[in-house]
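Let's take a relaxed walk through a protein model, one piece at a time. Keep the picture open while you read.

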Amino acid sequence: MIPAPNPAALPAQSLVLIPLLRADLEAAHYSVATLSGLWGPEADAALRRNQRVPALRALATLRGRLGRDEPSATLAQLFVLGLPVTYGALSMALPSLGAAGAVALGLVALVGDHDEHRDEHRGEHGDEHRDEHRDDDNAADLLDNGSADENALLRPLVELRPYSFVDAHGAGSWWIASDLGELVLGHALGESHVLGVGGASLTLSGLLLPNPVDTALDLGTGCGIQALHASRHARRVVATDISERALELAALNAALNGVTTIEFRLGSLFEPVAGERFDHIISNPPFVITPRAEGVPSYEYRDGGLVGDALVESVVRGAAAHLTPTGVAQLLGNWEYRAGQDAFDRLADWLTPAAASVDPNQFDGDFAEKTPGKPSSAPAEGESPSNSSGSAPALDAWIIEREVQSPEFYAETWIRDGGTRPGTADFDRLYDAWLDDFAARGVTQVGFGYLLLRRPDTARPAAVPRLRRLERLHGGLGHNPDGIGSHLAACLAAHDWHAALTDDDLVYATLTVASDVTEERHFWPGQEDPTLLTLHQGSGFGRSVSLDTALAALVGACDGELAVGAIAGALAELLEVSERDLTAELLPRVRELVDDGFLLPPELLA
């Protein structure tokens, strides 16, 4: 069976079997590179489009050439392509664990009429992961000292994929178990589906600040991928989720990858960590805006059970009470543009936790655990469902909107995500429900982006400006091989450095042009002077900034030796303008270039 949520209390059998599974996966070289080698880049691309035929053909060709089953190919067929393998082939692929051990861990089950009949109904009831009705007699046969037929077919109960990454701490790889996807199930996902590593997971993990911290919180951990990433820079991690199944899989993934610093807790939003504070809060919350209407599926991994964007608001408002001074929260989110109101005005309001803004009538309780005898976790009148108490300071914030979608496109995207196909009656019914829901609130667009929140330092002087940055960056990112988190951390440090300096102090600072910055000049034919000057950033957000002659000259002279004021003075003399006026004009632009990582303060070069 799959481990209990707390790895410290894993069943004795699992404590023995999981290391055997890890050893077998290592011996089989079950990695991202191996899978790509088995079927090639074109089949890889096809799998990302949910098409497995090219990969199957490649495995068949390999099997024919070798005349045998390669262990990595067997594992790939079973756990990635989701197709049955024989008991004998799996025993060869997992020689230490054995096929019987894989059954005991809840990774596979015997193919049979009973199983197939159950699968037809799994998605409908949202129980594609539950095996309460497993054919125990068949499972017992497999465990009976190898008495099972070597040709008996075993089917996967989970996806088990290799995952590789590069972050500020170097390259790494894990194996990640999650629930079977739509390709394997052959129908829409169940509402309690536990998602593996998807696009949003990759986005958030790439955003994480790599700074070492004592404690981190992964709010809504799912399969545990963000908690695993957090364990690389945090001494201790707490991972929470409302789904027992998610915690079971997350605990399995932590144990399988030898990570022992994560504690798993069951509960809604901040309830499991009431009264606790963390240096780093990470959340890929169920931010999808889904109609709270009868007949509309609500998926635990993406739908938070609140109306509109109230779930993201709840996480933002609740974060302040659970952050240590200078602690940072990072999350992804959607937000609504409503008729006559810019979404950024609403986002700015969320940053003041003391203001209650979520209408309790919006909360239907779906995001909270329904435990018999336990009081409802719907907020009392006038309260936000953030599950936090007490006053907290307004947060520093850097919010970056990456894209906006029309209500129509948004609805189509997420209806398809749940496995309902266009052109069907169900699709049209859900489409109507989505558009009715948006119309009821006057929603004109939906934004998506990154939220970085920080609890102010109690020792910060009142005169130092707050970080309150809300911007729209809808273009592509720069080149960030180890993720953009390091860039975000550097920009925060640079902001804090210059925000603490008055203009009279800043003129004595020496700055250096970042190594990824290039300058582009455009000339009219025959002209000596450029008509357009632009700075381009190669990494980070790949920003481009237009320059005038004076700012271009100042940037070009920032070599880490000359002070900003000295450069401005020399330019004023050359341009025959007032040094005081030119310096006053240039300093705000210098601060912006420092904020964006074009110019680096000496502290970041040490």
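Contact here means that heavy atoms lie within 4.5 Å of each other. With that in hand, take the contacts in the protein chain between residues at least 6 apart in sequence: 73% of them join residues at least 24 apart.

## The big picture

First things first: this is a predicted model. The protein chain has 606 residues, and 54% of them count as buried. Its secondary structure comes to 21 helices and 19 strands.

## An open sheet

Now look for the sheet. Strands of a sheet pair through backbone hydrogen bonds, in either a parallel or an antiparallel way. Here 8 strands make an open sheet with mixed pairing, and going across you meet them in the order E8-E7-E6-E9-E10-E12-E11-E13. At the edges sit E8 (262-266) and E13 (468-472), each of which pairs on one side only. On average, neighbouring strands of this sheet are turned by 20° against each other, if you ignore direction.

Zoom in on the E13 end. Strand E11 (residues 396-405) pairs with E13 in the parallel sense, over 5 bridges. For Glu401, the bridge partner in E13 is Arg472. At the other edge, helix H12 (residues 244-256) lies across strand E7 (234-241) and E8, and the helix runs at about 170° to E8.

## Leu467, just off the sheet

Which loop holds Leu467? Leu467 belongs to the loop between strand E12 (443-454) and E13. Its relative accessibility is 6%, so Leu467 counts as buried; the cut-off for that is under 20%.

What does Leu467 touch, leaving aside neighbours within four places in sequence? The contacts are Asp396, Ala397, Arg454, Leu492 and His495. Take Arg454: this residue is 13 residues from Leu467 along the chain, and the two C-alpha atoms are 8.7 Å apart.

## A tucked-in helix

Helix H4 (residues 71-79) is largely enclosed by the rest of the structure, because 8 of its 9 residues are buried. The buried ones are Ser72, Ala73, Thr74, Leu75, Ala76, Gln77, Leu78 and Phe79.

## A buried charge

Asp44 sits in helix H2 (residues 32-48). Asp44 is buried, yet has no salt bridge. The nearest side chain of opposite charge belongs to Arg48, 5.0 Å away. Why is that not a salt bridge? The nitrogen of Lys or Arg has to be within 4 Å of a carboxyl oxygen of Asp or Glu, so a pair farther apart does not count.

So what does Asp44 do with its side chain? The side chain of Asp44 makes a polar contact with the side chain of Trp39, at 3.0 Å. If you skip residues up to four places away in sequence, Asp44 touches Ser36 and Trp39.

## Two unusual backbone angles

Most residues other than glycine have a negative phi. His29 has a positive phi of about 55°, although it is not a glycine. You'll find His29 in the loop between helix H1 (12-27) and H2.

Leu269 also has a positive phi, near 45°, and is a residue other than glycine. This one is in the loop between E8 and strand E9 (278-283).

Are these two buried or exposed? His29 counts as exposed because its relative accessibility is 54%, whereas Leu269 is buried, with a relative accessible area of 5%.

Note on methods:
Residues numbered from 1 in each chain as written. Predicted model: local features only at pLDDT ≥ 70, side-chain atom pairs only at ≥ 80, totals over all residues. Heavy atoms only, no water. Pairing = 2+ DSSP bridges. Helix = DSSP H or I, 4+ residues; strand = E, 2+ residues; numbered from the N terminus. Axes fitted to C-alpha atoms, helices over the stretch in contact; angles between N-to-C directions. Buried < 20%, exposed > 50% of the residue type's maximum accessible area, 1.4 Å probe, protein only. Lys, Arg positive; Asp, Glu negative; His and termini not counted. Polar contact = N/O pair within 3.5 Å; in protein donor to acceptor, adjacent residues only side chain to side chain.
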